[in-house]
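Here's a quick walk through the model, from the overall make-up down to a few individual residues. Have the 3D view open as you read.

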Amino acid sequence: MRYLARLLNLPLKNGHLGPLTREVLRTSYNSSLQVYLPNTRHQHYESKSQENELSKYLKARIRATGPITVAEYMKTVLTHPSAGYYMHRDVFGVEGDFITAPEISQLFGELLGVWCVNEWIQCGKPPKIQVVEFGPGRGTLAYDLLRVFSQFPAMRDAVSLHLVEVSNKMSEMQYQKLVGHTLFQECNNNSFMANAVVKEPESYNHCISKFNIPVNWYHKVEDVPQEFSCFIAHEFFDALPIHKFQKTEQGWCEVFIDIDDNPASINDFKFTLSKSLTPALVCFNIDKNDPREHIEVSLESGAIIERISHRITENGGFALITDYGHQGEKTDTLRGFHKHTVLDNVLSEPGSSDLTADVDFKYLSKMAGDKVNVFGPISQAEFLNNMGIAIRLQVLLQKVQKQQRKDLISGYKMLTEATQMGQRYKFLSFMQKKKESEYKPAGFVNLNI
Ligand SMILES: C[S@@+](CC[C@H](N)C(=O)[O-])C[C@H]1O[C@@H](n2cnc3c(N)ncnc32)[C@H](O)[C@@H]1O
């Protein structure tokens, strides 16, 4: 933690507060177990909505092959190449649908950057380290991480950034944030060819960032080179598809999505139950002692966690997963957001609103397996306090004017207060097993700083 002192030298970045986070908004949605038919309290439409491109596509698919799983629906709605929610627009901030921690305050990204540097040092400073970020959004966290790395010459010389991003639109925004101009401008000023030297074989884009650190983009983690790595995922797993299971008198069924053909209904789609065992039910194999009557599981998240864990075991490294979530006790958390409002009907406006579900950290820990050491989950407040967020705040406050002071303090409160993001957001880490088995990563130990 002595590296915190070095943060004193980091230049100030404007912190700003925007609208509400997805998790804070969650408090207003109805998590009743009974709600499997879309809620008819829909405020936006009085008749069936005008069909958008995704509705047409989903209906055609359901007509052709029958009802689809919630996971198939969610994946299509969020990442369909031509009409998926994340694929064509900036969904963040005041103009978008929600805001995330790195966008709220620079304090967040700086402390995660210090965490990466500290754990790399604890691993004996391997000569190369890949920082692999999943779902980087606008690139704000990546930018703050690189800003911190650039303050530590040994880290700056060892590190490369690898972004796993499914959306070309988002990757363009990340490119602009990290380089300072668009790819088009770069082609025009000839620096594009110079950057070609940093390209990894499987990446779909690459650059040298303004911090002189190479960056590569991939559609999936399998494409990232197999090297010593620090894996970071912030509000990524909540965007991955979930399967929903419902306990009935006949046993467990999977929840599917079908077309709502009822002319009296204002909805295009409705939930329905599987009539027989499904591949996801077989694969997940529900614990017969689980007291819940409704369960959500993201098999895709489990597969990614298994892969990260395998890579850490084989190539060395560590991971930090941060998201809103629970320890396997929650039931019905799937919800949609549009313009900072929770949708009354989660199946309305496919493609034009965000879909998200709470992350099951118990399941992720289980999928990490016992070849790595798993730490947490602990609350965001605990992690950030252990990392010395109050010290960093004090340092920044000495350098700023009145408005920035107000923004920094409100950002700090939003990140750490229990009624805001402090308790609901969790941090989970896993690491290659070390010889000294007592070792705990920074942020997971209270150093009383
Ligand atoms: C909720 S945003 C989080 C953004 C960012 N981490 C933050 O906290 O501001 C989810 C991000 O994951 C990306 N994404 C969604 N599904 C993905 C997938 N299957 N593979 C890779 N990226 C994905 C989205 O395009 C977006 O960048």
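## The big picture

Of the protein's 449 residues, 43% count as buried. Keep in mind that this is a predicted model. Its secondary structure adds up to 17 helices and 17 strands.

Now for the contacts. Take those between residues at least 6 apart in sequence: 77% of them join residues at least 24 apart.

## A helix on the inside

Look up helix α3, residues 70-79. Because 7 of its 10 residues are buried, this helix is largely enclosed by the rest of the structure. The buried ones are V70, A71, Y73, M74, T76, V77 and L78.

What sits over them? The cover on the buried residues of α3 includes helix α2 (53-65) along with strands β1 (68-69), β7 (243-248), β8 (251-259) and β14 (354-356).

## Around the ligand

Helix α3 turns up again here: α3 and α4 (101-104) are the elements that give two or more residues to the shell around the ligand. That shell has 20 residues, and Y86, T100, G135, G137 and V166 are the ones that come nearest.

How does the shell split by class? There are 11 nonpolar, 6 polar and 3 charged residues around the ligand.

## The nonpolar core

The largest nonpolar core takes in 107 residues. If you want to find its best-connected members, go to L111, L112, V131, L145 and L415, which touch the most other members. Helix α5 (residues 106-122) provides the largest share of this core, with 9 residues.

L112 is a good one to click on. Leaving out residues up to four places away in sequence, L112 touches L141, L145, I232 and L320. One of these partners, L145, is also on the list of residues that touch the most other core members.

## A three-stranded sheet

Strand β14, part of the cover on α3, also belongs to an open sheet. This sheet has 3 strands in the order β13-β12-β14, with antiparallel pairing. The edge strands are β13 (341-342) and β14, each of which pairs on one side only. As a reminder, strands of a sheet pair through backbone hydrogen bonds, either parallel or antiparallel.

Zoom in on β12 (residues 335-338), and you'll see that its antiparallel pairing with β14 runs over 3 bridges. Which residue of β14 stands opposite G336? Here G336 faces L355.

Notes
Residues are numbered from 1 along each chain as its sequence is written. This is a predicted model: local features need pLDDT of at least 70, side-chain atom pairs count only at pLDDT 80 or more; totals for chains, interfaces and linings use all residues. A residue is buried if 20 or more other C-beta atoms lie within 10 Å of its own, exposed if 12 or fewer, and partly exposed in between; C-beta atoms are placed from the backbone. Helices (H or I, at least four residues) and strands (E, at least two) are DSSP runs, numbered from the N terminus. Two residues are in contact if their C-beta atoms, placed from the backbone, lie within 7 Å. Two strands pair if DSSP finds at least two bridges between them. A residue is near a molecule or strand if its C-beta atom, placed from the backbone, lies within 6 Å of it. Ala, Val, Leu, Ile, Met, Phe, Trp, Tyr, Cys and Pro count as nonpolar, Asp, Glu, Lys and Arg as charged, and the others, Gly among them, as polar. A nonpolar core is a set of buried Ala, Val, Leu, Ile, Met, Phe, Trp, Tyr and Cys residues joined through C-beta atoms within 7 Å.
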